[in-house]
Each structure stands twice: as C-alpha cells, then as structure tokens.
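Colleague: Please show me how to read a structure such as this one, feature by feature.

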Amino acid sequence: MTMKPYWQNYIDGSWTDGGSGRIDVTDPATGTVLAQHALAGTADVDRAVTAAARVHASGALSDMRPVERARMVQAMGRYLLAHIDEIAPVLTAEQGKPLWEARLEVEGAARYFEYYGNQAETVEGRSIPLGSGYLDFTVYEPFGVSAQIIPWNYPLEMTARSLSAALATGNACVIKTPELTPLSNAWFAHAAEAAGLPGGAVNILCGLGVEAGAALSAHPDVNQIVFTGSVPTGVAIARAAAKNVVPCVLELGGKSAAIVHEDADLNAFEEDLRWGIWFNAGQVCSAMSRVVVQKDVHDDLVGRAEAIAKSLSVGPGAERAEYGANMGAMVSDAQRDRAEAIVAQAVRDGARLVTGGRKLNRPGAFLEPTVLADVTPDMTIAKEEVFGPVLSILSFDKEDEAIEIANSTDYGLVGGVFTRDMDRATRAASRLRAGQVFVNEWYAGGVETPFGGYGKSGYGREKGREALWNYVQTKNIAIRMGPQS
C-alpha cells in the first residue's frame with residue numbers, strides 16, 4: 001500500500017487545509033507516523049455548517065422525491081464496496097485491526113447505505129380523523145443540519161450508520177472524524193461526489209474534540225447531533241446542545257454482561273467469546289466484557305476462555321488478511337497502557353490473572369488477550385469500561401443473583417443470556433437493564449435491529465427503522481374544510 005503523506009478536509013464540495021495546522025496519524029502496529037491530516041479549527045467548522053445549512057435551505061435534498069435520495073444513498077454504499085481494496089488497508093494502518101476485520105467494516109458500512117437507501121421511501125405520515133369538516137395529517141421533515149461526531153474504533157461503520165440515515169431523510173451533514181483514525185473517512189466524500197450529491201451536503205473534517213468538536217456541538221446553525229464516545233464527552237456535548245435546544249443521539253459505551261447458565265452450549269459459546277471480547281482488540285462499545293457464569297460450569301468456562309485467548313495470534317493487522325484466530329494492535333499506546341493498568345489494579349483488588357494482561361515485547365500498541373477470574377461485582381474492573389481485550393469472569397448461584405450482577409453497573413447498552421431453557425431466557429430478557437439483549441448468540445441481529453442504551457450508555461436509538469426518527473421532526477397540518485360563516 002502506498003500511503004498519501006497528507007490528507008485534507010472536505011468542505012462544501014472541495015478539499016481544503018485546516019485552520020489549526022496538521023496532525024500526525026500514527027500506525028498503532030509500529031508506532032510510526034503514517035501521514036498527516038489537516039486539522040480543522042472553529043472557522044472551518046463554521047464554513048462546513050454554513051455550507052450544509054445552505055444546502056438544506058435550498059431544498060436540494062429535502063425537495064427530492066425520496067426514491068431519488070434513496071438511489072444516491074445506495075450508490076454511496078456501492079462505491080465503498082467497489083473501492084474496498086483501497087479502503088481496507090488504510091483502515092488497518094490507522095486503526096490497527098486485522099485486514100480481514102477492516103474488510104468486514106467496509107462491507108458493514110456499505111450495508112448501512114443499502115439499508116437506509118431502501119428505507120427512504122417508507123418515511124410516511126398519517127391522517128388523523130377529527131370529524132366532519134376537517135382534514136388533519138402529519139408529515140416528517142428533516143431537521144436540516146446533522147452534526148456527527150465519530151469514534152475511533154469503527155470510523156467507517158459509525159460514520160456510515162449516521163450519515164446514511166441522515167441523507168436518506170433529507171438532511172445535510174457535517175462529520176467530525178476521530179483524530180486518531182481520520183483517513184478512511186475520505187472515501188465518504190468520494191462516494192458522495194460519485195453518487196451526485198450536491199456540494200455541501202456532506203462535509204468531513206478532522207479536528208480536536210476540544211476545538212472542532214466543541215465548536216460543532218455548540219454551533220447555532222446545527223439542528224441535530226449524533227455522538228458516539230465516552231460519558232464525559234457525551235455530557236459536554238449534551239450541555240452544549242441544550243443551550244441551543246438541539247436534540248442529540250448519544251451512544252456512550254457499556255460494561256455488558258453475558259449470563260451463562262449450567263445448561264448453556266459451551267462449545268457454541270466459545271465462538272461468542274472470540275467475537276464478543278477479542279474482536280477489534282476489545283475496542284467495542286457492546287463488547288462482552290463480563291461473563292457471569294453459573295458456578296457448576298465456572299471452571300470449565302474459565303479453561304475454555306484461557307485456551308481461546310492463548311490461541312490468538314497477535315500482531316500487525318496488515319499481516320492478518322485471513323479470517324481466523326488473530327488480533328491486531330489497539331489504537332494507541334495510551335489506550336493499551338490504560339487497559340494494562342486496569343488489569344494490574346484488578347489483580348491488586350483480588351482478581352486472578354488467568355492469562356495475558358501484559359503488553360507485547362515489540363513495537364506497537366499490543367496487549368495480550370486477557371482473562372481474569374474471581375472477579376467480584378464491587379471491583380473497579382467489573383464496573384468501568386476497559387475498552388480493550390480483557391474478559392472478566394464472575395460467578396453466581398441463582399438466577400436472581402445473575403440478573404443483579406448484570407445490572408450492577410451504571411451502563412445498560414447490551415446484555416446476553418445463554419441457556420437452553422427459553423422460559424429462563426425470556427425472564428432474563430425482560431429483567432436485564434439493557435437496550436438490546438442477545439439470547440444464545442452475542443451480536444445476534446444486524447443493521448435492521450435498533451441499538452442504544454439505558455442509563456449512562458446514552459439515549460436515542462441507532463440502526464433499524466427506529467434510527468430514522470432521530471433525523472426527522474413531525475409536523476401536523478390541520479385543515480378546516482368547506483364553507484365558513
């Protein structure tokens with residue numbers, strides 16, 4: 001792969017430098033600088049928002065017949081698939097994930113454009129009977145300017161998730177990419193141009209959260225905000241948005257638990273472990289970071305988790321092109337060091353380090369796949385998000401105890417229950433404090449299924465048809481019919 005040395009922002013249909021200089025983008029697998037990216041300042045944010053607001057005011061998107069927008073949105077997804085061989089290596093280089101995982105992410109991003117393109121024609125109002133002499137109906141209108149602040153763990157999929165739904169409903173968008181992984185977002189600009197979207201409909205800029213992110217979330221001409229990231233940043237964005245009375249969708253992470261009963265299929269569960277905690281080096285908001293297992297099968301499950309962790313080949317993502325038992329780097333040395341420190345604290349608190357927990361003796365942000373047993377609900381590691389390849393195993397005796405442990409954090413993003421007893425499974429699903437519950441398969445579902453959290457995992461829903469309502473507002477039109485005296 002030949003890496004372009006300098007990448008620009010995309011504002012109002014043109015590639016442009018940034019008012020705050022440049023930022024280095026580092027390859028987490030080697031620690032070396034990959035490229036530099038233009039760094040947007042507040043003036044760049046203002047130009048991008050102004051361009052998006054102009055597009056919205058012109059009706060260039062909102063006045064289209066929905067099928068026309070649908071075709072453009074779908075074309076963007078096809079563009080990504082057509083250029084997967086260019087995009088995936090860049091994503092691997094900037095984020096650290098194995099190349100096969102990067103290809104899955106490109107495919108996942110394209111799937112959002114396919115799905116929401118298909119949904120564009122289905123956003124319909126309804127008539128409301130008010131009796132003789134009245135015609136009353138509702139219509140859905142786009143908010144206007146959608147500001148989208150993207151996390152570094154899935155820069156393509158998370159952008160696609162919000163951008164596709166926003167465009168399908170007629171909004172113009174300003175995307176602030178993550179400063180750690182901004183490069184691959186450039187293909188959304190290329191895709192928008194190839195699909196025939198007007199200049200200013202999609203604006204993509206890289207900037208620091210404290211400058212560009214803060215300016216975007218507080219901008220008076222932004223009409224709606226989507227953010228995925230940490231709780232403190234989400235709170236800051238919500239406060240800024242509240243000053244302008246702007247709605248937000250906040251997805252703020254989790255500390256998700258899988259409850260494993262004694263009758264669970266542990267052979268099948270091994271695959272859930274692999275995907276649940278070590279995919280993307282555990283840097284997944286809905287990761288299976290806690291397993292709460294019935295005591296009769298506790299030791300068996302710990303042994304299985306240890307074997308899986310030790311079987312994973314850990315190294316540069318570019319060298320891991322084939323699907324399999326492998327894991328890449330974490331996104332940065334700082335993120336790796338934080339995870340390593342949390343593991344060390346857990347051991348001091350009384351947890352048993354079954355395997356892993358240390359950085360590799362080589363350049364790059366690598367952490368061994370880690371399993372901790374004898375974790376108790378009061379430990380920090382059982383409450384706080386690690387965002388790394390670290391599995392915590394807790395135990396329980398009775399069903400009520402398992403639910404209590406699973407619900408014992410401030411988060412509530414996803415949860416899971418593994419059992420052959422469907423009565424038990426449905427009882428758990430109704431009691432788990434989570435926006436999405438998986439039964440007998442972690443990450444069951446897809447683009448079609450709504451996703452979002454309870455508690456400090458945020459509010460609003462992404463994915464599925466539910467996400468569309470984030471990007472439109474309801475207008476009621478009431479008409480008095482016939483002669484009036």
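**Burial, rings and backbone**

Colleague: Where should we start: is Phe418 buried or exposed?

Modeller: Phe418 is buried, at a relative accessible area of 4%. Buried means under 20% relative accessible area, exposed means over 50%, and partly exposed is in between (1.4 Å probe, protein chains only). This is a predicted model, in which local features need pLDDT of at least 70 and side-chain atom pairs count only at pLDDT 80 or more, while totals for chains, interfaces and linings use all residues. Residues are numbered from 1 along each chain as its sequence is written, and side-chain values use heavy atoms, with hydrogens and water left out.

Colleague: How many aromatic pairs are there?

Modeller: Rings of Phe, Tyr and Trp (its six-membered ring) pair if their centres lie within 6.5 Å; planes under 30 degrees apart are stacked, over 60 edge-to-face, and the rest tilted. The count by this rule is 15 aromatic pairs. Take Trp100 and Trp275: the ring centres are 6.0 Å apart and the planes are at 85°, so this pair is edge-to-face. It joins distant parts of the chain, with Trp100 in helix H4 (residues 99-119) and Trp275 in helix H9 (residues 266-277), 175 residues apart. Helices (H or I, at least four residues) and strands (E, at least two) are DSSP runs, numbered from the N terminus. Trp100 is buried at 5% relative accessibility, whereas Trp275 is partly exposed at 22%.

Colleague: Which ring does Phe269 pair with?

Modeller: Phe269 pairs edge-to-face with Phe418, at 4.7 Å centre to centre and 75° between the planes. Phe269 belongs to helix H9 and Phe418 to strand S19 (residues 414-418), so the pair ties together parts 149 residues apart in sequence. Phe269 is buried, with a relative accessible area of 2%. There is also an aromatic cluster, formed by Trp100, Trp275, Phe279 and Tyr323.

Colleague: Which charged side chains sit over rings?

Modeller: The test is that NZ of Lys or CZ of Arg is within 6 Å of the ring centre and within 35 degrees of the ring normal. The charged end of Lys4 is over the ring of Trp7, 4.4 Å from its centre. Arg22 lies over the face of Tyr6, 3.6 Å from the ring centre.

Colleague: What does helix H3 show about length and burial?

Modeller: The expected span of a helix is 1.5 Å times one less than its number of residues. H3 (residues 84-95) has 12 residues and reaches 16 Å from first C-alpha to last, close to the expected 16 Å. Of its 12 residues, 9 are buried, so H3 is largely enclosed by the rest of the structure. Among the buried ones are Ile84, Ile87, Glu94 and Gln95. Gly96 follows H3 and has a positive phi, near 105°.

Colleague: Which residues have a positive phi although they are not glycine?

Modeller: Most residues other than glycine have a negative phi. Asn440 has a positive phi of about 65°, and Tyr443 has one of about 70°. Asn440 is in the loop between strand S20 (436-439) and strand S21 (458-459), and Tyr443 is also placed in the loop between S20 and S21. Asn440 is partly exposed at 36% relative accessible area; Tyr443 is partly exposed at 26%.

Colleague: What about Leu266 and Arg304?

Modeller: They are 38 residues apart in sequence and 8.5 Å apart in space, C-alpha to C-alpha. Leu266 lies in helix H9 and is buried at 9% relative accessible area.
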